[in-house]
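Here is a short briefing on one protein chain. Have the sequence and the 3D view open as you read.

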Amino acid sequence: MHIDLLIKNGQVITAAQAEYPVRGKKMQDLEVIEQGWVACAGKQIVGVGAGEVLPPDLEITESTQVIDAAGQVVTPGLVDPHTHLIFGGTREDEFYLRAQGADYMEIMEAGGGIASSVRATRAASLAELAASGRKRLKWMLSMGVTTVECKSGYGLDLETELKQLEAVRILRQEQPVELVSTFLGAHAWPAEYQGDQEGYVDFLLNTVLPRVKEADLAEYVDVFTEKGVFSVEQSRRIFQKAKELGFKLRIHADEMNTLGGAELAAEMGMASADHLLMVSDQGIEALGESDAVPILLPATAFVLRKPYAPARKMLDAGLPVALATDFNPGSCPTANLGLVMSLACLYMAMTPEEVFHAVTINAAHSLGRSDRLGSIETGKQADLVIFDVDTYKKIPYFVGVNLVETVIKAGQVIQP
Ligand code: NIG
Ligand code: FE
């Protein structure tokens with residue numbers, strides 16, 4: 001077979017387990033291939049190994065692009081499975097207020113926070129939303145992120161929710177980062193439904209969800225299940241309808257208060273339960289008996305100056321932990337997954353081996369893509385990153401430094 005792209009002499013790291021997601025203790029067993037090579041043909045990985053000599057069936061010719069990764073690390077393309085990529089406006093004023101001690105939920109209750117992003121997103125045109133999203137995806141790509149989940153939720157009306165998801169669709173068609181769409185119409189209470197929460201839930205169930213399905217604009221449905229936002233009961237109604245319509249589910253669970261979002265994720269067979277800063281022991285136990293991936297967002301705890309999610313407890317309970325940025329204009333204005341990896345080590349006591357599973361195979365699994373993405377194996381899509389350091393252990397260690405040298409998406413070198 002003819003090889004289109006060969007990366008050689010690198011330290012190749014990938015999940016060693018054959019079963020995905022990779023759970024608990026097994027997240028320690030990272031496969032590390034010294035002097036490793038990865039061979040790609042078309043969009044696929046067609047071979048992985050160590051040393052100088054390739055198997056005879058892999059043919060190198062003059063047209064093969066060869067990258068010498070000596071002294072560098074080769075990883076799977078990173079996957080960010082929780083972002084709010086598309087929004088109008090920014091909230092730097094609120095950022096500095098919080099830095100001076102103001103509380104996130106209090107700002108939200110006073111009509112700021114998510115509501116101010118909703119006003120700006122409603123006012124933005126589709127082209128403006130796509131343009132700002134395009135810029136942010138470039139940041140992410142430059143840091144080795146090749147797959148990104150993107151939520152709506154700054155419209156809270158039919159037109160703007162569809163506009164946000166339409167912006168994701170436009171970006172999916174014109175740039176290389178793979179985008180996964182999630183409908184988050186249940187992100188806050190819109191001003192129009194002040195005092196009529198059930199009215200808004202009915203509107204989501206009867207009008208918005210069916211339209212999003214009909215237009216095929218989202219793969220997942222998410223709800224911000226939180227005190228003062230959507231109760232467990234309201235969330236359950238939305239998720240039930242979403243399931244009936246054929247959506248897969250994810251949830252903002254137990255972020256500020258222990259409400260039982262983790263238990264709801266287990267009960268409803270969700271793909272992921274995200275945040276979990278305040279998850280209870282029962283919540284962890286319930287997740288352990290489910291297929292939901294717990295997605296931890298330590299950059300949000302960092303920005304909000306809240307306690308971090310109990311990652312060690314979850315790992316010890318055998319959960320397949322994943323990590324994401326939660327990139328959004330309020331609680332987490334960073335798109336830097338590398339920073340998230342460092343915070344996970346520093347403040348959640350995760351090891352670099354666990355962290356790499358969390359931002360590759362487990363993140364891909366939470367998006368229903370672990371059969372195709374998230375590890376370096378023959379037959380998988382050739383999404384690869386080359387970092388300019390000689391061991392993967394230096395990647396979370398150089399906090400906040402972008403060490404990415406080369407990014408490959410579906411067999412194509414797209415950066416530099
Ligand atoms: O995931 N928790 C709710 N939603 C976002 C924050 C959104 C915002 O502040 O704009 C989050 O943290
Ligand atoms: Fe979020």
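The points below cover the overall build, the surface and the cysteines.

This is a predicted model. The chain has 416 residues, and 61% of them count as buried. A search of the whole structure finds zero disulfides.

**Overall build**
- The chain holds 15 helices and 16 strands.
- Its radius of gyration is 21 Å, which agrees with the value near 22 Å for a compact globule with 416 residues.
- Along the principal axes, the C-alpha atoms fill a box of roughly 70 × 45 × 45 Å.
- Take the contacts between residues at least 6 apart in sequence: 72% of these join residues at least 24 apart.

**Surface and charge**
- The exposed area of the chain is about 15700 Å².
- Carbon and sulfur atoms supply 51% of that area.
- The side chains include 36 positive and 55 negative ones.
- The centres of the positive and negative sets lie 3 Å apart.

**Cysteines**
- Why is Cys332 not bonded to the closest cysteine sulfur? That sulfur, in Cys150, is 15 Å from the sulfur of Cys332, which is too far for a bond. A disulfide needs the two sulfur atoms within 2.5 Å.
- Cys332 is also buried, with a relative accessible area of 0%.
- Cys345 is in no disulfide either. Its nearest cysteine sulfur belongs to Cys332 and is 17 Å away.
- Cys345 counts as partly exposed, at 21% relative accessibility. The cut-off for buried is under 20%.

Note on methods: Residues are numbered from 1 along each chain as its sequence is written. Chains are lettered from A and ligands numbered from 1 in the order in which they are written. This is a predicted model: local features need pLDDT of at least 70, side-chain atom pairs count only at pLDDT 80 or more; totals for chains, interfaces and linings use all residues. Side-chain values use heavy atoms; hydrogens and water are left out. Buried means under 20% relative accessible area, exposed over 50%, partly exposed in between (1.4 Å probe, protein chains only). Helices (H or I, at least four residues) and strands (E, at least two) are DSSP runs, numbered from the N terminus. The radius of gyration is taken over C-alpha atoms; the globule rule is 2.2 Å times the number of residues to the power 0.38. Contact means heavy atoms within 4.5 Å. Accessible areas come from the Shrake-Rupley method with a 1.4 Å probe; for residues, only the protein chains shown count as cover. Lys and Arg count as positive and Asp and Glu as negative; His and the chain ends are not counted. The place of a charge is taken as NZ of Lys, CZ of Arg, CG of Asp or CD of Glu.
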